[in-house]
Amino acid sequence: MTAQRTALVVEDEPEIADLVKFHLQREGVEVTTTRSGRRALEIARELSPDLLVLDLMLPDLDGLEVCRRLKEHDETREIPVVMLTARGSEADIVAGIEMGADDYVTKPFSPRVLMARLQNAMRKRVVSTVDHQDGVLLRFGGKLTIDKERHVLTCNGKPVELTITEFDMLYMLAKRPGFVRTRDQIISSVHGPLTVLSQRTIDVHITAIRRKLGEFSDAIETVRGVGYRFSDGQPI
Ligand code: CA
């Protein structure tokens, strides 16, 4: 038996807050709402919700700042954050993702896309815990496996040669399918004493990885203006 899932919706526009709440409740999620960024931080600490839906434009504390503070503290760091942003605000999205937000939905959104992203973020919490314990082997439908320990990628049972940088980039994206990563995040995760990467080289590496993935090349999706993500089969 699973405990009821909980979500905190931080949004100052009542119609949007109600809409998000309605769709979450329909999925059996217990929802708390607030229009205040400061209050959101308190509630997040008290309730430790399974999901936090965060509008970026709030009357008191900016959503990016809320996100930064959540990710700064141990008690709230693991709470998945999905930002609500205006369409065309790629700079905000990049800033939010780099601040530690897990995903975003642009307004106006369709309920289907909204719920796909929110369900996905809630699921991540479970997946990432499991990954921490034995997450050395990622399997995707039994056709694609990424073995972190042995540094081996196999497609349809056949090993595929990747450079160390390519492997690290693929692993970084694949360990959290559906989560967009910015180029800077990719750079800092694979950066080592022997690798110096620029934003442009990231794109070149991604092209090489896609080519080597062959029929699975679609697994790495480009998120325009933001970065890349490993597909989870959901709409972007
Ligand atoms: Ca707002």
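In these legends, a buried residue is one with under 20% relative accessible area. The model is a predicted one.

**View 1. Helix α7 and its buried residues.** Here's the helix to start with, spanning residues 164–174. Ten of its eleven residues are buried, so the rest of the structure largely encloses α7. The buried set runs through Thr165, Glu166, Phe167, Asp168, Met169, Leu170, Tyr171, Met172, Leu173 and Ala174. For the wider setting, 49% of the chain's 236 residues count as buried.

**View 2. The calcium ion and its three coordinating residues.** Asp12 and Asp55 each offer an OD oxygen to the calcium ion, while Met57 uses its O atom, and the distances come out at 2.1 to 2.3 Å. Read along the chain, the donors are spaced D-x42-D-x1-M. Asp12 sits in the loop between β1 (6–10) and α1 (14–26), and Met57 in the loop between β3 (51–55) and α3 (63–72), so this pair ties together parts that lie 45 residues apart in sequence. Asp12 is partly exposed, at 22% relative accessibility. Met57 is exposed, at 65%.

**View 3. The parallel five-stranded sheet.** Step across this open sheet and the strands come in the order β2-β1-β3-β4-β5, with parallel pairing. The edges belong to β2 (30–34) and β5 (103–107), each of which pairs on one side only. Ignoring direction, neighbouring strands here are turned by 20° against each other on average.

**View 4. β1 beside β3, with α3 lying across.** Zooming in on part of that sheet, β1 and β3 pair in the parallel sense over four bridges. Look for Val10, which stands opposite Leu54 of β3. Helix α3 lies across β3 and β4 (81–86), and α3 runs at about 150° to β3.

**View 5. Two buried cysteines, Cys67 and Cys155.** How many disulfides does a search of the whole structure find? Zero. For a disulfide, the sulfur atoms of two cysteines would have to be within 2.5 Å of each other. Both residues in this view are tucked away from the surface by the accessibility count: Cys67 is buried at 1% relative accessibility, and Cys155 is buried at 9%.

**View 6. Gly214 in its loop.** Where does Gly214 sit? Its place is the loop between α9 (199–213) and β11 (220–223). Gly214 is partly exposed, with a relative accessible area of 36%. Val160 is 54 residues away from Gly214 in sequence, and their C-alpha atoms are 9.8 Å apart in space.

**View 7. The stretch 126–134, one to treat with care.** Start with the chain as a whole: its mean pLDDT is 87, and 90% of its residues reach 70 or more. Over residues 126–134, though, the pLDDT is below 50. Leaving near neighbours in sequence aside, this stretch has four contacts in the model. Where pLDDT is low, the predicted coordinates shouldn't be read in detail.

**View 8. Stepping back to the whole chain.** How many helices and strands does the chain have? The count is nine helices and twelve strands. Take the contacts between residues at least 6 apart in sequence: 58% of them join residues at least 24 apart.

Key:
Residues numbered from 1 in each chain as written. Predicted model: local features only at pLDDT ≥ 70, side-chain atom pairs only at ≥ 80, totals over all residues. Heavy atoms only, no water. Donors = N, O, S within 2.8 Å, 3.2 Å for Na, K, Ca; no water. Helix = DSSP H or I, 4+ residues; strand = E, 2+ residues; numbered from the N terminus. Buried < 20%, exposed > 50% of the residue type's maximum accessible area, 1.4 Å probe, protein only. pLDDT = per-residue confidence, 0-100. Contact = heavy atoms within 4.5 Å. Pairing = 2+ DSSP bridges. Axes fitted to C-alpha atoms, helices over the stretch in contact; angles between N-to-C directions.
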